[in-house]
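Subject: Handover of the structure

Dear colleague,

Here is the structure I promised to pass on to you. My notes on what was found in it follow below, and I would be glad if you read them with the structure open.

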Number of protein chains: 2
Amino acid sequence: MPATIRDIAKKLNISVSTVSYALNNGPRPVPDHVKKKVFDVAKELDYRPNRIARSLITRRSRTIGFVLEKPEHNIFLGPYVQLIVNGVINACEDHRHDLLLFAQHGAVSQEEFVNQLLDGRADGLVFTCGESLLPIIEEVHQRGIPFVVVGAGAPPYSHSFQADNDLGIEQAIDHLADLGHTKIGFVRGNATHGDAIHRLSAFRRTMSERGLAVHSDWVWEGNFTVESGESALASYLSLPEKPTAIIAANDEMAIGVLRKARAEGIEIPQRLSVVGFDDSPHTQGLYPGLTTIHQPVSEIGSAAAHGLFQLIDERPTDQPSFFPTRLVVRASTAAPTKEPNNHEIK
Amino acid sequence: MPATIRDIAKKLNISVSTVSYALNNGPRPVPDHVKKKVFDVAKELDYRPNRIARSLITRRSRTIGFVLEKPEHNIFLGPYVQLIVNGVINACEDHRHDLLLFAQHGAVSQEEFVNQLLDGRADGLVFTCGESLLPIIEEVHQRGIPFVVVGAGAPPYSHSFQADNDLGIEQAIDHLADLGHTKIGFVRGNATHGDAIHRLSAFRRTMSERGLAVHSDWVWEGNFTVESGESALASYLSLPEKPTAIIAANDEMAIGVLRKARAEGIEIPQRLSVVGFDDSPHTQGLYPGLTTIHQPVSEIGSAAAHGLFQLIDERPTDQPSFFPTRLVVRASTAAPTKEPNNHEIK
DNA sequence: CTGAAAGCGCTTACAG
DNA sequence: CTGAAAGCGCTTACAG
């Protein structure tokens, strides 16, 4: 049986309150010689404070929760989630908190899941933004516990932290237009994902603002995976009239496009230019390099967590919440020099 | 003020025990009509069970902890950690637990950190293996709370889950030897990391078993990052006699070797063969492909977590704890065809 | 200055 | 069958 403050108090013939104040260094003063004895006995008994008991009273766990977007196995494999969590963890370290990953979104009912989010283990929550989370965010909001949302498409009442998707898509289109492209395709992300939705509508809007046509044949479904990028390129191949450039809503899908293009013998960037979105670290190691839109994902995660800590402490939030993107030109884009339609389909 | 079971009991004029048994569906039977009333009032009051209070009594939080190996910012960016966490999260979902990431290893004293690990928020702990964790594992072990260790170099009393590093290094060496290489270099990982230490000694041993010489000039320090692979290749360049092949203790460093080799105009694999270790997913997307040793990192994480759940439940552990590796041949290895020493150093 | 006591929100032996 | 009560390990008003 682990030792408690009662054991320490008994051993020293003093009250538990004195022990408590001694161990916590306040708020009530305790004479140094008493304090010393308390610490000595604590060490002797291998006393460890029980934070559960403390939390029950203080209503603080010094832990924040992270809610994964989708109830999918292997959700953790995406570079985006990894970067966000990395940023959140960094902020937690700075702020002396720990991070609880809720793992049961896919395994229990929504009611039970919300109960878990609100069961006292976390002082506040970081949501990633996906449609499946919206009703959950709503319930959490009703409850009044502090939360923040990472990504586009958060409810208006929430504190959200996101990249400037509009700017990013403009940068991608303008880069391609500057190179002389007029026929530009788009691989979209999950229809349930806030950023994906945002980037698609930014694509449509910016294209028409620039006087460029958007063919519905040139917009492909995707789900942020390499595989969905590959199948986008597969259907590109069967088009009678092909775009000379493709923007993918994230790097993974851009990699899929590149990979499939390579397999099909389509020269990149001579015959087809490809732009990604994210500039995630492992894309940076790709050869030949991928032209992409950089967004500071880890910093967004950090800012979100710091914002959450401010909400928890009922301080005003002074964190930046809207992050500019940046075009990173590498080897996957160039002026269109070869006619894409001349390509032989096997 | 959130509602408690007392509020429900008061409203229905029944005892809190009945409410508790009703909400938990037992162990004491509660008549269905009472149960229904309890659930109705619970919903009406927006009652949410407080797991902190429950945990204080049951001494179970249905949460396990994950202890990161090193007190480094951006620790989460490594693909290895990501894969382990992914496997652990998957197991958590299966077992209806959540995962607490301890974030303060670098921010607080060791004593305070151990106190956090033992403060009741986690029912058991998953450690990754690094030297800095050994004294911490020792203290946790003394305390008697369930824990498992992922990776090589765990204390003998612990349940550890790891890849067969010896086999992996043998596979790498034998593959290169079969191609005709006799001069093989090695980029080692952090000197404080269990797997890194293990792979290096496996390299030395297997080389000598195969009658191949190990030059100390051909073993480079590394720290599992791309950059350290690059600097290994930089010092390779200045060697009077160069190996024809390099094994890196993980994929990141192998990527660094490849990248630097490309920058220096060294033809891969004609002039230099490179073998990695891990076969992490984003390596799989590399072009040209990296020959590497596959280890099932995510499965190891899953098995470790499942093992931990069995320890927590005091059941016998039946999880596999030693995982075979597998050679994956891609484009970075071939028979040595060009003399490496002929290469011009700029 | 310090101790005795109430209480955080639950679970669960103990009575009736 | 169900209620009253003890208690988990702490914090913190309340007395003295």
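In these notes, contact means heavy atoms within 4.5 Å. This is a predicted model, in which local features need pLDDT of at least 70 and side-chain atom pairs count only at pLDDT 80 or more, whereas totals for chains, interfaces and linings use all residues. Residues are numbered from 1 along each chain as its sequence is written, chains are lettered from A and ligands numbered from 1 in the order in which they are written, and side-chain values use heavy atoms, with hydrogens and water left out.

With that meaning of contact, A:S228 touches A:E221, A:G222, A:N223 and A:M253, once its neighbours within four places in sequence are set aside. A:S228 sits in helix 10 (residues 226-237) of chain A, where helices (H or I, at least four residues) and strands (E, at least two) are DSSP runs numbered from the N terminus. The relative accessible area of A:S228 is 8%, and A:S228 therefore counts as buried (under 20% relative accessible area, with exposed over 50% and partly exposed in between, for a 1.4 Å probe and protein chains only).

As for the two protein chains, chain B is superposed on chain A by a rotation of 180° with 0.0 Å of shift along its axis, at an RMSD of 0.0 Å (a least-squares fit on the C-alpha atoms of residues with pLDDT of at least 70 in both copies). This is the relation of a two-fold axis. In chain B, the C-alpha nearest that axis belongs to B:L100, at 2.1 Å from it. The two copies use the same surface, since 100% of the contact residues of chain B recur in chain A.

Turning to the DNA, 24 residues surround strand C, and A:T18, A:R28, A:R59, B:S20 and B:I57 come nearest (a residue is near a strand if one of its heavy atoms lies within 4 Å of it). Among the polar contacts (pairs of N or O atoms within 3.5 Å), an N or O atom in the side chain of A:R28 lies 2.5 Å from a base oxygen of DNA strand C, while the side chain of A:S15 places an N or O atom 2.9 Å from a phosphate oxygen of DNA strand C. A polar backbone atom of B:A53 is 3.4 Å from a base nitrogen of DNA strand C. Helix 4 of chain B gives the largest share of the surface near DNA strand C, 4 residues.

DNA strand D is likewise surrounded by 24 residues, the closest being A:S20, A:I57, B:T18, B:R28 and B:R59. Of the atoms of DNA strand D within 4 Å of the protein, 56% belong to sugar or phosphate and the rest to bases. A polar side-chain atom of B:S15 is 2.9 Å from a phosphate oxygen of DNA strand D, and a polar backbone atom of A:N50 lies 3.4 Å from a phosphate oxygen of that strand.

Lastly, helix 8 (residues 165-179) of chain B has 15 residues and should span 21 Å at 1.5 Å a residue, which agrees with its end C-alpha atoms being 21 Å apart (the expected span is 1.5 Å times one less than the number of residues). The buried residues of helix 8 of chain B include B:I169, B:A172 and B:L176. Just after this helix, B:G180 takes a positive phi of about 105°.

With best wishes

Definitions and conventions
Polar contact = N/O pair within 3.5 Å; in protein donor to acceptor, adjacent residues only side chain to side chain.
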